[in-house]
Amino acid sequence: MAKILSKAGILAGIFVISVIIMELFSSISGEDRTAKMSAASLPTIVLYENKQEINTLFGYTTEMNTNYMRDTITPLYDNLALPITINTYGAKVDGINYKVRTLKGDRLVEDTNVKSFSVNGNKIDVTLPIQNLLDACVEYQLIITLTVDGKDIYYYTRIIVPTDMYAKECIFFCVDFHKKTFVTEKKQDLAIYMESDHTMANDNLHYVTIKSSMKELFYADFECAPITDIRVNVKEIKAEYTVVTIEYSIGAKGENGEAEYYNVVEYYRVRCGNQRMYLLNFERTINQIFREDGDNFGKNSIRLGIVGEDGVDYKTSENGTIVAFVQEGDLWQYSNINNSLSRVWSYRGYEQLDERENNSDHAVRVIRVDETGSIDFIIYGYAPRGPHEGQVGISVYHYDSVANANEEILYIPFTRSYQMIEQMVGKILYVNDLNHFYIKCENNIYDIDLTTRKAKVLGSGHGEGWYSVSDDSSRMAYLSKGNENEGKTIEYYNLEAGTKIEIKASDDEWIRPLGFIDHNLIYGVARKEDVTEGISGAIHFPMYALYIIAEDGTVKKEYKKEDIYVTSIKCEESVIRLNREERSGDEYKEMLQDTIMDMEVDTESITEVTSLYSEIKQKITIIKLSKDVKSESPNLLSSKLIVNDENNVVSIEGTGTEDYYYVYAKGRMIFITPDVSTAVSVAAENAGVVIDDELNYVWQQGKKNYADRLTGMKVDTSQVGTGYEERCLTVILQHENISLAVGELLSNGRSVKKILNDALQGAFVLDLKGATLNQMLYYISQDTPVYAMLGSKPVILCGYTNRDILYYDPEYNVAKLMRLDDAREQFEDAGNVFMTYIKPTE
């Protein structure tokens, strides 16, 4: 303890001396390279649905890739005229243009300049006279361009002419529901829509769902009120449901009377029935905005307030005396040595009421904190103000605690939305002390030299299994050739030190990185002869051995059992869970999980995120510190930006070749993967949709209650052989009016997937192994047959009712019925092997 105190005293002395030196240097040189962040300047646009404001659009100063700007959707009615309001905030708008494109963006439907408009103070009210060229129930892109002070600013949404979709009714229901949550007397009005589960704890105002109690829905004993107008954003309009989010800020009084601000997001999934509205899903999240003048400190803790405990990103100095943490997109630093609280980074002004500055489409990630309090951190997403206002990108910053200033070291621009960047690059994002920045973008892993601003590709691959990264992103491993099913060499990197080792497979084996437990790599080994391709083209990769190795290559643990094979793993702190199969002859059968426990993992932490309980606020998140705070009223600092004239821009976007699937749910993109089966499963769990790179709908939550038998579900036995695969492929092609000698192709070694890919020109064949029977019903409802395995026999799913599935049996050349409950079990026993296809959107 004496050594720590001594060290802390030395560091405090260094800090004071450094500040004096910096002041003297500035006086002598006469040059101050720091400045305040420039204020937000871009207008916003609000659209309307029958006088109700919907879909607030924020401006972009560069043209974005419209395929990756899928956020809001706006319904058009009557003569398709769309009223909008432009909030100029004092900016001079010289021109207004709008373009309508097909969803893919490959065809321009309309390009119109608004000839005249009038300015009323800081607002422009105008109606866009969209031409009657749109097909009903088809989504289009709408791009509005404002010319502001000679520069073009771009705004993006989708539009649709809905028929029997009841979007208007759903929007009004959501707004009415929201308003009533602040009126206690309206509890009974909303009770019919809630599905309160009395087994829930109901002790966390941060996250309230349709399962929560009525008391939680009405904010329990927490006295708060809206302090901003609501932003109603329509995210999906379907025949089966409409998705709406409502965003706003609320205010409350702290224990000492200080003002507290919170950001709130409500998510609704609603269906309009014949007699009433149905609330299918509801979630509300509340996150407190950390403020300098708040009641922020306990005896040995920083009080973050009502905020999700799992989402707190923080790092500490080695001895725990300095902590950097992120809350609601702001980066803060607390130093127990200097008794100071610094707002290191924030787009918000001190009033925190400007909707542009309070835009949440960005994130901050702390990389490290040194013993003087300097911080390396990364900001990615949309910039609502500052040097990159109206752009989306990734910035690497260094905060100098002595100068109390931030310097941008690197900027990577993107033309995709923040949500896309958040999912795309989040897995590998790391800066080391050697001035190297590591990032995975699309299917490449880059090493960017921060001194020369040169980027090189370390590795490239396809799929998810060719690389792995540790929880703190400081260690990674990838296959040098990038093929997850034919790995010969694993490159195991210590990104912190900039070093690596190689792990090589023997000539008759393949290897694959599986994960990390702390900084120890887990990898699996499979015999080449055991790796096989299924009928759908999916690769079966049974690993007979699993190894856990340290950074120096030392084997810390080995897992190997006769006739037992590992197919995948999941790491949970110091426990590794193994998904396994047992082999008997050429057959593999799924068996119970096994675990590897008692790994030596460094779990000691002198600082941790935990929670307390308040009678008024319920669950309160805190950062528990290693020692008592010096004062509950520390010195307050706010950083500046260092003006850097050097060109620090490096472009890497658009260099990948991987096809991805995007899951949109709860009003935002929540997941990206190259594996369509995983995407469908995630979408199903979250009542969402799956989109591909071409904006085709790959899967949706909604489906018809039943689907009649598809056409062509019988073959002419005089023309087609008795082979099950041949008959199943033939009925699929017959359904699409395609005549093909399938038997000959199969005898020549063509796989089922290859035949479908070649025959269904323009369609996308989907390998959905691992998905569920319920998820396949969507494709049948879209008039698309599904190839499946029932036992060892292929069949074609071709219809369903509420209780039965209809399938074509090639053995008897007839369609049969099976109860859905029985079918789910039988298809699961067969490994849930499914394959189907989608046709591209016109």
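**Two open sheets and a negative surface patch**

Strand S35 and strand S36 (residues 520–527) are joined through eight bridges in the antiparallel sense, where strands, like helices, are DSSP runs numbered from the N terminus (E, at least two residues, for strands; H or I, at least four residues, for helices), and two strands pair if DSSP finds at least two bridges between them. The model is a predicted one, in which local features need pLDDT of at least 70 and side-chain atom pairs count only at pLDDT 80 or more, while totals for chains, interfaces and linings use all residues. Residues are numbered from 1 along each chain as its sequence is written, and side-chain values use heavy atoms, with hydrogens and water left out.

Within the pairing of S35 and S36, Pro513 has Tyr523 of S36 as its bridge partner. Both strands belong to an open sheet of four strands, with antiparallel pairing and the order S35-S36-S39-S40. Because strand S35 (509–517) and strand S40 (555–560) at the edges each have a single partner strand, one side of each is left without a neighbour in the sheet. From one strand to the next, the twist averages 20°, with axes taken as lines fitted to C-alpha atoms and angles running from 0 to 180 degrees between N-to-C directions.

A further open sheet consists of five strands in the order S19-S20-S21-S22-S46, and its pairing is mixed. Its edges are held by strand S19 (313–316) and strand S46 (635–638), each of which has a single partner strand, so one side of each lacks a neighbour in the sheet. The twist in this sheet averages 15° from one strand to the next. Strand S20 (residues 322–327) pairs with strand S21 (residues 330–335) in the antiparallel sense over six bridges, and the bridge partner of Ala324 in S21 is Gln333.

Apart from the sheets, Glu590, Asp822, Glu825, Glu828 and Asp829 form a negative surface patch, a patch being made of residues with over 30% relative accessible area and no salt bridge, with like charges joined within 9 Å. Accessible areas come from the Shrake-Rupley method with a 1.4 Å probe, and a salt bridge is a side-chain nitrogen of Lys or Arg within 4 Å of a carboxyl oxygen of Asp or Glu. Helix H11 (residues 820–829) gives the most to this patch, with four residues, and Glu825 lies in helix H11.

Conventions: Patches are made of residues with over 30% relative accessible area and no salt bridge: like charges are joined within 9 Å, nonpolar side chains (Val, Leu, Ile, Met, Phe, Trp, Tyr) within 5 Å. Lys and Arg count as positive and Asp and Glu as negative; His and the chain ends are not counted. The place of a charge is taken as NZ of Lys, CZ of Arg, CG of Asp or CD of Glu.
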